[in-house]
Amino acid sequence: MSFSSYGQEIQKLYSKEKLIQVFTTAENTDLRLTPTNNLNFIPSQQPIESEISVYVNPTQSFQNFMGIGGAITDASAEVFAKLSAVKQAELITAYYDKKNGIGYSLLRTSIHSSDFASESYTYIQEGDQELKTFSIDHDKKYRIPMIKRAIQSAGGNLLLYASPWSPPSFMKSNKTMLKGGTLLPEFYQAWANYYAKFVKAYEKEGMPIWGITIQNEPMATQTWESCLFTADAERNFLKNYLGPTMQKEGLSSKKIVVWDHNRDLMNYRANVIFDDPEASKYAWGMGFHWYETWSGGQPMFDNVRKVYEAYPSKNLLFTEGCVERFDAKKYQFWGNAERYGTSMINDFNNGTVGWTDWNILLDENGGPNHKGNFCFAPIHADMKTGELIYTPSYYYIGHFSKFIRPDAKRISTASSRSNLLSTTFKNLDGSFVTVVMNSSSDKIKYNLILGTEKTIVEIPPHAIQTLVY
């Protein structure tokens, strides 16, 4: 396409009367998802080197957007149950209401216990290989009521998926749900049946399950619930047990997500599973986390892109991220929010279709967590005062989730300077959403350029903006 014809295509999409709404969150200000400007497009020429620009090309589009959300864990639900009715309503609205909140559209939960619970538990009596005692009654006290309220607030439709942290103790090599170990081969079928039982039990309660991940963090031996699966083991379990079992149980429409661990090893896992046709046919795609920085290195964003390029028919879903090592003095630490913004923009630009935060709510100690693995959430509840504490991370996530809606399409976007990160999506209603993040300590004036038109925007230091047009 020539530049002149490109410009004509842009003219069809835009006019100088088209309004651009700007929303801003910035450090050392009161701006929190605040409308800060209404702008118009003006004629644009070739920018010069000293200008800073963000280029959006609506003629080039990429993956469909699935949604953004967080996890309702036992910990989140236990804290939620202790809040006043007023604060419960405030929290659910803050996350799931599209107009008065940030419009979450994804929800992850656990298959029985994770570390973010007051105790370890399963849905069966220990040793029950035939699953005759299977019951989700434990979840009916706190977790299921909270999930149902979230679904209602989201308009009755919320994409819900679930992940196990460990099989029951008797199914494992180390005879405990904790500290790693492996699934014993003689229990592969029983464990596959367990997933199907879970999906059917939750759906019987009126909570449609979109899909499951095979194992949370399958290469990590944790002091809490954990279980190790090598790439070969996960591939074999998927193709010989879990995939066929889900089909046999009438659950073939449920998506199965592999890996569910950090970006560092995701390429090897993709190669082993997706290159095996019999395993790959059961895999919707790959989930990943952001904790590869535990080794002291930087986030491995390029690994996401390399999976996207190598396996374009598979989907990429960010399944978990949180700020580790809770410290109440850092509730308002801006770097935590910028970690979210940096990850979300990079992951989306590298082909990710959905992005899921970890716990949506924790208490003033970063728990409850039965193994002391206390972490941050975007919102905390101070159980001594009954108040909710909103961290900057909540607002940074909201700059994406409130404006980019399910089934949007990612649009080609690039920045001319490294201190501005940006991504763009086009919603089904025809609106465009460009998110721009400034992680520098300088106020920056930049052009948003679309072919022969542009608008000029100013972003404060350490800020994030959403432009809707």
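A cavity here is a set of grid points where a 1.4 Å probe fits but cannot get out, and its lining residues have an atom within 4 Å of a point. With that in hand, here are some close-up views of this predicted model.

**View 1. The enclosed cavity and the residues around it.** The structure holds 1 cavity of 30 Å³ or more, and the space inside the largest cavity comes to about 60 Å³. Lining it are Val-323, Lys-330, Tyr-331, Phe-333, Asn-336, Tyr-340, Phe-376, Ala-377, Pro-378, Thr-391, Pro-392 and Ser-393. Two or more of the lining residues come from each of the elements α10 (334-349) and α11 (392-401). Sorted by class, the lining of this largest cavity has 8 nonpolar, 3 polar and 1 charged residues.

**View 2. The largest pocket, with a volume of about 500 Å³.** Look for Glu-217, Gln-222, Tyr-291, Trp-294 and Glu-324, which lie nearest the centre of the largest pocket among its 25 lining residues. Strand β9 (residues 255-262) makes the biggest contribution to this lining, with 3 residues. The classes split into 12 nonpolar, 6 polar and 7 charged residues.

**View 3. The second largest pocket, at about 410 Å³.** Here 22 residues form the lining, and Met-66, Ser-105, Asn-157, Leu-159 and Pro-406 are the closest to the centre of the second largest pocket. Its lining comprises 13 nonpolar, 6 polar and 3 charged residues.

**View 4. Strand β20 and its two antiparallel partners.** Residues 453-459 make up β20, and 5 of these 7 residues are buried. Strand β19 (residues 444-450) pairs with β20 over 7 bridges in the antiparallel sense, and Ile-449 sits opposite Lys-454 of β20. These two strands form a hairpin with 2 residues between them. In the turn, Gly-451 has a positive phi of about 65 degrees. Strand β3 (residues 42-43) also runs antiparallel to β20, joined to it by 2 bridges; in one of these contacts, Pro-43 has Glu-453 as its bridge partner.

**View 5. Aromatic pairs, stacked and tilted.** The structure holds 42 aromatic pairs. One of them joins Tyr-95 and Tyr-96, whose ring centres are 6.1 Å apart and whose planes meet at 50 degrees, so the pair is tilted. Tyr-95 and Tyr-96 are buried. Phe-237 and Tyr-241 offer another pair to look at: with centres 6.5 Å apart and planes at 20 degrees, this pair is stacked. Phe-237 and Tyr-241 are 4 residues apart in helix α6 (residues 231-248), so about one helical turn separates them. Phe-237 is buried, with 0% relative accessibility, whereas Tyr-241 is partly exposed at 26%. Ring pairs also link Phe-237 and Tyr-241 into a cluster whose members include Tyr-121, Phe-134, Trp-191, Tyr-202 and Phe-229.

**View 6. Cysteines in a structure with 0 disulfides.** Why is there no bond between Cys-322 and Cys-375? Their sulfurs are 3.8 Å apart, which is too far for a bond, because a disulfide needs two cysteine sulfur atoms within 2.5 Å. Cys-375 holds the closest cysteine sulfur to that of Cys-322. Cys-322 itself is buried, with a relative accessible area of 2%. Cys-227 is buried too, at 0%.

Definitions and conventions
Residues are numbered from 1 along each chain as its sequence is written. This is a predicted model: local features need pLDDT of at least 70, side-chain atom pairs count only at pLDDT 80 or more; totals for chains, interfaces and linings use all residues. Side-chain values use heavy atoms; hydrogens and water are left out. Buried means under 20% relative accessible area, exposed over 50%, partly exposed in between (1.4 Å probe, protein chains only). Two strands pair if DSSP finds at least two bridges between them. On a 1 Å grid over the protein atoms alone, a cavity is a set of points where a 1.4 Å probe fits but cannot get out, and a pocket is an open set with protein on both sides within 12 Å along at least five of seven lines; lining residues have an atom within 4 Å of a point. Grid points are joined across faces, edges and corners, and a volume is the space filled by probe spheres set on the points. Ala, Val, Leu, Ile, Met, Phe, Trp, Tyr, Cys and Pro count as nonpolar, Asp, Glu, Lys and Arg as charged, and the others, Gly among them, as polar. Rings of Phe, Tyr and Trp (its six-membered ring) pair if their centres lie within 6.5 Å; planes under 30 degrees apart count as stacked, over 60 as edge-to-face and the rest as tilted.
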